[in-house]
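Let's take a walk through this structure together, moving from a single residue to helices and then to enclosed spaces. Have the model open beside you as you read.

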Amino acid sequence: MTARQLKLGAVLIGVGTTPDAWRHPDLPGDASIDIDWYRAKARLAEDAKFDFVFIVDSTYITPDSAPHFLNRLEPLTLLSALAGGTSRIGLVGTLTTSYSEPFTVARQFASLDLISHGRAGWNVVTTGLEGAAENYSRSEHYDHGERYRRAHEHLQVVRGLWDSYEDDAFPRDRANGVFLDRSRLHSLDHQGEFFSVAGPLNISRSAQGQPVIFQAGGSDAGRDLAARTADAIFTIAESFEDARAFRDDIRRRAAAAGRDPDSILVFPGIVPIIGATDAEADAEYRRRAEAVDIAQALVQLGRPFGYHDFTRYALDAPFPELGDAGANAYRSHSDLIKRVARDERLTLRETALRFATPRSAFIGAPATVADEAERWFREGAADGFIVGVGQARDLDDFAARVVPLLQARGLFRREYEDTTLRGNLGLAVPVNRHTAARRAAAEASAAATPAALAASATARAPGEVSA
Ligand SMILES: Cc1cc2nc3c(=O)[nH]c(=O)nc-3n(C[C@H](O)[C@H](O)[C@H](O)COP(=O)(O)O)c2cc1C
């Protein structure tokens with residue numbers, strides 16, 4: 001058996017989600033809408049044997065939104081284009097269950113999965129931005145609990161639709177004129193709280209069975225959704241201890257839901273800064289932190305709270321008391337900001353600057369960053385990392401300088417193990433539910449025939465009794 005290895009995903013985020021990253025001379029000013037830029041980065045990540053690239057998404061902006069949010073490509077369209085220029089790397093995109101119909105989502109991801117020969121992944125989110133409601137013909141955002149109930153049901157419907165065709169549904173027998181084996185096509189007939197979907201879906205499964213399900217919620221409801229249904233979960237980790245506690249919690253919840261905890265992978269998000277030495281990387285971090293404009297940092301701080309207006313508070317007074325602001329937005333993220341500000345007695349200014357450029361544990365010389373990644377992986381804080389980008393060349397640096405160290409330590413692959421995302425992540429291909437049910441029924445009926453009963457009686461050893 002091969003040793004457990006860590007997994008890596010790369011966030012491709014064009015001109016960036018910090019106010020200033022777009023000004024870097026190495027980055028095209030239109031990177032977020034430039035397919036050639038995405039292709040080059042996806043190939044770079046594939047050459048470094050990353051498991052997947054990841055495209056974040058949301059559906060509401062204001063003129064103050066970060067540069068990448070203001071003007072970007074839609075993930076499914078973008079990933080379908082990237083499928084053509086790559087052959088092994090996984091293609092993961094965000095799509096919200098709050099403002100989409102499961103039938104459409106199932107079709108879109110199934111299409112990406114076939115186009116990419118089994119490399120698709122869906123990051124299931126519920127949308128934290130209340131303004132999105134008005135872009136989808138609603139006057140109010142769903143509340144947090146309802147969003148997650150809808151997400152559970154949405155995902156259940158999508159997965160049901162993905163199993164519409166069993167894997168041998170299309171004999172395509174030219175000689176006898178049989179295109180479809182009708183017994184291998186199944187409708188869904190779902191009726192639930194939010195959706196009523198008859199099915200079947202008009203597209204078959206890929207080599208990986210179903211797209212890989214990622215999830216990124218951190219609240220109680222978010223963790224629950226992931227533990228019950230996801231193959232992998234992203235998390236914001238403030239520290240090694242936080243990441244380990246989060247992973248332990250997800251594994252506990254998965255076990256309580258009857259799952260093998262090893263069947264769900266936890267990916268803390270990291271934004272590494274690599275220097276020739278620790279001091280050089282640290283200086284680069286401080287340069288970035290000092291360049292932050294406080295007005296922009298306040299806007300950025302407001303986003304997890306649903307673009308809360310922080311300009312109305314005194315900058316150098318203690319972080320304001322916000323009641324339950326943020327609870328219906330990006331709940332776990334806004335809770336984290338409140339908790340850190342309270343625990344560390346930060347002012348509003350300190351809080352805004354702290355979250356504009358978080359001081360991560362992954363800042364240092366290549367060996368320092370590799371040591372930290374190894375520690376998190378070996379000591380139960382991570383199954384892999386989702387590598388974010390602060391500035392233009394951060395991903396290039398990580399790929400060129402840290403990945404070879406992880407490979408030399410036997411922690412990361414030198415070659416892809418498989419052609420599918422599931423295969424590379426070490427996840428099992430889900431057997432089509434109808435195939436599984438038919439097999440189980442066939443086994444049960446074989447066991448119940450008189451011949452089988454006689455065979456099992458004669459196979460019994462002398463003295464053995466049936467229970
Ligand atoms: C690495 C990472 C990536 C995320 N990507 C997205 C995204 O693309 N779109 C989105 O709306 N939320 C994204 N989120 C936020 C989560 O989906 C979630 O909305 C947030 O953590 C609040 O969830 P909660 O209400 O369960 O706490 C991401 C979170 C993390 C940690």
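**Starting from Phe 214**

Setting aside neighbours within four places in sequence, Phe 214 is in contact with Phe 52, Val 92, Gly 121, Trp 122, Asn 123, Val 124, Ala 232, Phe 234, Phe 267, Leu 421 and Leu 425, where contact means heavy atoms within 4.5 Å. Phe 214 sits in strand β7 (residues 212-215); strands (E, at least two residues) and helices (H or I, at least four) are DSSP runs numbered from the N terminus. Its relative accessibility is 0%, so Phe 214 counts as buried (under 20% relative accessible area, with exposed over 50% and partly exposed in between, using a 1.4 Å probe and protein chains only).

A word on the source: this is a predicted model, in which local features need pLDDT of at least 70 and side-chain atom pairs count only at pLDDT 80 or more, while totals for chains, interfaces and linings use all residues. Residues are numbered from 1 along each chain as its sequence is written, and side-chain values use heavy atoms, leaving out hydrogens and water.

Now turn to helix α1 (residues 35-47), where Trp 37, Tyr 38, Lys 41, Ala 42, Ala 45 and Glu 46 are buried. Seen down the axis of α1, these residues fall within an arc of 165 degrees, so they line one face of the helix; the arc is taken from the directions from the helix axis to the C-beta atoms. Their cover includes β1 (7-11), β2 (52-55), α2 (67-70), α3 (75-85) and α13 (394-408).

Helix α9 (residues 294-302) invites a similar look: its buried residues are Ala 297, Leu 298, Leu 301 and Gly 302. They cover an arc of only 140 degrees around the axis, which puts them on the same side of α9. Among the elements covering them are α10 (331-343) and α11 (348-356).

Finally, how many cavities of 30 Å³ or more does the structure hold? There are 2, a cavity being a set of points on a 1 Å grid over the protein atoms alone where a 1.4 Å probe fits but cannot get out. The largest has about 120 Å³ of space, volume being the space filled by probe spheres set on the points, which are joined across faces, edges and corners. Of its 15 lining residues (those with an atom within 4 Å of a point), Ile 13, Gly 14, Trp 37, Val 389 and Gln 391 are the closest to its centre. The second largest cavity has about 60 Å³, and helix α4 (residues 102-115) gives the largest share of its lining, 3 residues.

How values were computed:
1 Å grid on protein atoms, 1.4 Å probe; cavity = no way out; pocket = protein on both sides within 12 Å on 5 of 7 lines; lining within 4 Å. Expected span 1.5 Å × (residues − 1).
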